[in-house]
Amino acid sequence: MIDELRREVCRLHAELVRYNLVAWTAGNVSGRVPGEDLFVIKPSGVSYDDLTPESIVVCDLDGNLVEGDLAPSSDTAAHAYVYRHMPEVNGVVHTHSTYASAWAARGEAIPCVLTAMADEFGGEIPVGPFALIGNDDIGKGIVATLNGHRSPAVLMQNHGVFTIGGSPKAAVKAAVMCEDVARTVHISRQLGEPLPIAQGDIDRLYDRYQNVYGQRSHL
Ligand SMILES: [Zn+2]
């Protein structure tokens with residue numbers, strides 16, 4: 001089970017590169033081990049080309065290394081805090097993707113002005129507090145912002161993006177979509193003020209996308 005998750009999380013790091021969300025070694029994906037108080041995460045400072053399933057490390061929910069030869073990502077404490085406090089979350093992604101981080105640098109939430117945003121995020125993408133690495137402050141900021149919020153993505157002020165999901169793949173998808181809408185809304189802003197979408201329409205779009213869209217599992 002853990003080996004399969006290591007392969008999946010290793011493979012998902014290649015998606016961060018493919019979608020141009022990361023530079024050098026910044027950015028990481030983690031996944032909760034089903035039924036265990038453990039998660040797997042990228043090792044610290046290893047380039048994406050050198051990542052192998054065996055190099056992905058296993059940590060407990062306090063962020064301590066349980067299995068692996070390398071030190072875990074420097075963002076491990078933030079991932080661990082999310083898993084401790086949000087039991088429904090099984091995947092966490094962190095990036096400094098360009099357009100989303102540009103919104104984070106201004107401390108400005110991305111307004112819901114695209115139907116794709118209403119579908120995926122159910123409203124604006126919120127901003128979390130400024131927090132330094134080294135303790136639980138980043139994790140606390142992520143959880144305080146996303147708990148009870150529809151958005152699976154938070155822009156941590158002056159920093160970058162954290163996304164959550166029911167699986168590591170879902171969290172990666174949220175990171176890709178967050179950068180996509182951050183870019184489009186930024187470009188829209190260059191030529192004027194983007195038009196808001198009425199809350200009732202946001203609610204209808206979100207409900208349809210979350211509950212009806214896509215391939216129904218029973219078909
Ligand atoms: Zn970071």
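## Close-up views of a predicted model

**View 1. Val82 and its partners from elsewhere in the chain.** Once neighbours within four places in sequence are set aside, Val82 is in contact with Val89, Val92, Ile142, Val143 and Ile164. Keep in mind, here and in every view below, that this is a predicted model.

**View 2. The largest nonpolar core, with Val82 among its members.** This core has 22 residues, and those touching the most other members are Val82, Ile142 and Phe162. At least two residues of the core come from each of E2, E3, H2, H5, E7 and E8. Helix H2 is the top contributor, giving five residues. Apart from this core lies another one, of 21 residues, including Leu12, Leu38, Val46 and Tyr48.

**View 3. Helix H2 in its surroundings.** Here we follow H2, residues 76-85, along its length. Seven of its ten residues are buried, so the helix is largely enclosed by the rest of the structure. The buried ones are Thr76, Ala78, His79, Ala80, Tyr81, Val82 and Tyr83. What do they pack against? Their partners are the strands E1 (28-32), E2 (38-41), E3 (57-60), E5 and E8, together with helix H5 (137-146).

**View 4. Where H2 meets H5.** The two helix axes come within 7 Å and cross at roughly 45°. H2 and H5 are therefore oblique to each other, and H2 passes H5 in a right-handed crossing. On the H2 side, look for Ala78, Tyr81, Val82 and His85; on the H5 side, they meet Ile138, Gly139, Lys140, Ile142 and Val143. Two names here will be familiar from View 2: Val82 and Ile142 are among the core residues that touch the most other members.

**View 5. The zinc ion and its protein donors.** Three histidines supply the protein donors, each through its NE2 atom: His94, His96 and His159. These donors lie 2.0 to 2.1 Å from the zinc ion. Their spacing in sequence is H-x1-H-x62-H. His96 sits in the loop between strand E5 (91-95) and helix H3 (98-106), while His159 sits in the loop between strand E7 (153-156) and strand E8 (160-165), so the pair ties together parts that are 63 residues apart in sequence.

**View 6. A closer look at His96 and His159.** Are these two zinc donors buried or exposed? His96 is partly exposed, with a relative accessible area of 38%. His159 also counts as partly exposed, at 22% relative accessibility. Since buried means under 20% relative accessible area, His159 falls outside that class at 22%.

Terms used: Residues are numbered from 1 along each chain as its sequence is written. This is a predicted model: local features need pLDDT of at least 70, side-chain atom pairs count only at pLDDT 80 or more; totals for chains, interfaces and linings use all residues. Side-chain values use heavy atoms; hydrogens and water are left out. Donors are N, O and S atoms within 2.8 Å of the metal (3.2 Å for Na, K and Ca); water is not among the atoms, so sites may look incomplete. Helices (H or I, at least four residues) and strands (E, at least two) are DSSP runs, numbered from the N terminus. Buried means under 20% relative accessible area, exposed over 50%, partly exposed in between (1.4 Å probe, protein chains only). Contact means heavy atoms within 4.5 Å. A nonpolar core is a set of buried Ala, Val, Leu, Ile, Met, Phe, Trp, Tyr and Cys residues joined through side-chain atoms within 4.5 Å. Axes are lines fitted to C-alpha atoms, for helices over the stretch in contact, and angles run from 0 to 180 degrees between N-to-C directions. Angles under 35 degrees count as roughly parallel, over 145 as roughly antiparallel, 65 to 115 as roughly perpendicular and the rest as oblique. A crossing is left-handed if the near helix is turned anticlockwise from the far one by less than a right angle, and right-handed if clockwise.
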